[in-house]
Amino acid sequence: MARTQLDPTLIPSATQNIRNILINGGMEIWQRAVTFTNPATLTYVADRWKVRTSQASTVIVTRDATILDSGIYSFKAVLTGATGGQDWRIEQQIENPLEYKGKTVTLTARVRSNTTNSNRIAIYDGVDTTFSSYHSGGSTFETLTVTKTLSGSATELWALVGMLANGDKLNGTYYYDSIMLTISALPVSFVPPDPQQEFARCQRYYEKSYDADINPGANTALGIVYIPMAGASTSVVQYGSLQFKVPKRVTPTMTGYTEGGVSGSWTVRTNGANLGDGTFATDNISTTGLRVRVTAIAGSPITASASSNWYMAYGHFVADAEI
Amino acid sequence: MFKRVKNEQGQNNTDLILRIADNANIPNDAGNKDWIVYQAWLIEADQQGNSLNNQPLSAD
């Protein structure tokens, strides 16, 4: 009996299995919002991507579902107020840059631009920056590529996309999609990630109780968290435990919201009724969870502290551990 | 702007600070970007005589 033999042309090559160092390179995940008006420098827009600019106005950033290169969304920026001599870009900082010291990495991105000599991509390693060529401005998606051997003393690893130098910021409409950073001396085509794994990778840096497409602060009960409280006094309930779905990069900043969207507040209730809103307070915040207190409850309605364990506190939360 | 908060013993909670703009709880973690911003703000505030040490604790 003849042995079954594999056709070597059908075996995936090593390059086909290369992992994207970037998270959300496909611009599919937008937990904070899907539209941003004049986002300030260092504001996160799409997950893991933040704006850096010398001039925040006048820019509209949106998650776009009509003009894209891969997946179901792309990153769109419409600039109308550029005055010359300015820059505007998005960037992703890699959490563990020291692991890439001395290695050769290649960044590729699909970029669409309707202006010449404005958009390009680059890699920064804390020592210097290496740039790609500019997009031609031909209003079609073009593949931009840059390869860099990181310094042996590299302290950072950033992927930069947009109008990178002073004067590059021009009025126009720009799309960014399918961004890939790999350990490779050659460009690697974008590989769509597993959606569940990619979302969990984003949640290492930003997690919310809301549904993925609902903005923090929205008036909604979907996803709201109810926590039993183990202690109480007249205006305080406390010792509730909140655990994250994904451990965080660092101890995160915590923001609470009522169901109606009031920032900084949660609601306390018994089995029978809501008792009122109070301050969303936290302690023992760690990378895995925290202890919740609700303080300064309006009207000091708590009367049965000896049997406090029927008090519940509920609300939404955002945990932000971004770089 | 930021505000100090009490811990459950009613004392100044040195483990976190409140960001007034959105009532966010910012933990004392050198790797937290908001704590880094707070530390920079604190230095500037102290230089201008606006130290948080001069502010009362928020009430429970």
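1. A word on terms before we start: helices and strands here are DSSP runs, numbered from the N terminus, with at least four residues for a helix and at least two for a strand. With that in hand, Tyr100(A) can be placed in the loop that runs between β5 (88-93) and β6 (104-113) of chain A. Please keep in mind as you read on that this is a predicted model.

2. Let me stay with Tyr100(A) for a moment. Its relative accessible area is 5%, and since buried means under 20%, this loop residue counts as buried. Leaving aside residues up to four places away in sequence, Tyr100(A) touches Arg19(A), Ile21(A), Ile94(A), Leu150(A), Leu157(A) and Ile183(A). With Arg19(A) there is also a side-chain polar contact, at 3.2 Å. Arg32(A), on the other hand, is 68 residues away along the chain, and its C-alpha atom is separated from that of Tyr100(A) by 29 Å.

3. Now for the chain as a whole. Chain A has 1 helix and 20 strands. Taken along the principal axes, the box filled by its C-alpha atoms is roughly 75 × 70 × 40 Å. Of the 323 residues in chain A, 51% are buried. The accessible surface comes to about 13500 Å², with 52% of that belonging to carbon and sulfur atoms.

4. How much of the contact pattern in chain A joins residues at least 24 apart? Among contacts between residues at least 6 apart in sequence, the share is 71%.

5. Thr106(A) is a residue I would look at next, in strand β6 of chain A. Its relative accessibility is 1%, so Thr106(A) counts as buried. The side chain of Thr106(A) makes a polar contact of 2.8 Å with the side chain of Thr147(A). Beyond residues up to four places away in sequence, Thr106(A) touches a list of residues that includes Thr145(A), Val146(A) and Thr147(A), and also Met180(A), Leu181(A) and Thr182(A). Ser184(A), Ala185(A), Leu186(A) and Pro187(A) are touched by Thr106(A) too.

6. On to charges: over all chains, the structure holds 18 salt bridges. One of them is between the side chains of Arg52(A) and Glu91(A), at 2.8 Å from N to O. Arg52(A) sits in strand β2 (residues 50-53) and Glu91(A) in strand β5 of chain A, so this pair ties together parts that are 39 residues apart in sequence. As for exposure, Arg52(A) is partly exposed, at 24% relative accessibility, whereas Glu91(A) is buried, at 1%.

7. A further salt bridge links the side chains of Asp213(A) and Arg63(A), at 3.2 Å from N to O. Here Asp213(A) belongs to the loop between β12 (206-208) and β13 (225-228), and Arg63(A) to strand β3 (residues 59-64) of chain A, so the parts tied together are 150 residues apart in sequence. Is Asp213(A) buried or exposed? Asp213(A) is exposed, with a relative accessible area of 56%. Its partner Arg63(A) is partly exposed, at 21%.

8. Arg291(A) deserves a point of its own. Within chain A, Arg291(A) forms a salt bridge with Asp283(A), where the closest N and O atoms are 2.9 Å apart. Across to chain B, the side chain of Arg291(A) meets that of Glu8(B) in a salt bridge of 2.5 Å, N to O. Arg291(A) is partly exposed, with a relative accessible area of 21%, while Asp283(A) counts as buried at 10% relative accessibility. There is also a network in which salt bridges with shared partners join Asp320(A), Arg19(B), Asp22(B), Lys33(B) and Asp34(B).

9. That brings us to the interface. On the chain B side 19 residues are in contact with 26 residues of chain A. The two chains bury about 1500 Å² between them, and 41% of that is on carbon and sulfur atoms. The rule finds 2 salt bridges across this interface, and 12 residue pairs are in polar contact between the chains, counting pairs with both residues at pLDDT 80 or more. On chain B, the elements giving two or more residues to the side that touches chain A are β2 (16-19), β3 (24-27) and α1 (33-47). β3(B) gives the most, with 4 residues. By class, this side of chain B has 5 nonpolar, 6 polar and 8 charged residues.

Technical notes. Residues are numbered from 1 along each chain as its sequence is written. Chains are lettered from A and ligands numbered from 1 in the order in which they are written. Side-chain values use heavy atoms; hydrogens and water are left out. Contact means heavy atoms within 4.5 Å. Buried area is the accessible area (1.4 Å probe) that two parts lose on being put together, summed over both. A salt bridge is a side-chain nitrogen of Lys or Arg within 4 Å of a carboxyl oxygen of Asp or Glu. A polar contact is a pair of N or O atoms within 3.5 Å; within protein, one must be able to donate a hydrogen and the other to accept it, and residues adjacent in sequence count only if both atoms are side-chain atoms. Ala, Val, Leu, Ile, Met, Phe, Trp, Tyr, Cys and Pro count as nonpolar, Asp, Glu, Lys and Arg as charged, and the others, Gly among them, as polar. Buried means under 20% relative accessible area, exposed over 50%, partly exposed in between (1.4 Å probe, protein chains only). Accessible areas come from the Shrake-Rupley method with a 1.4 Å probe; for residues, only the protein chains shown count as cover.
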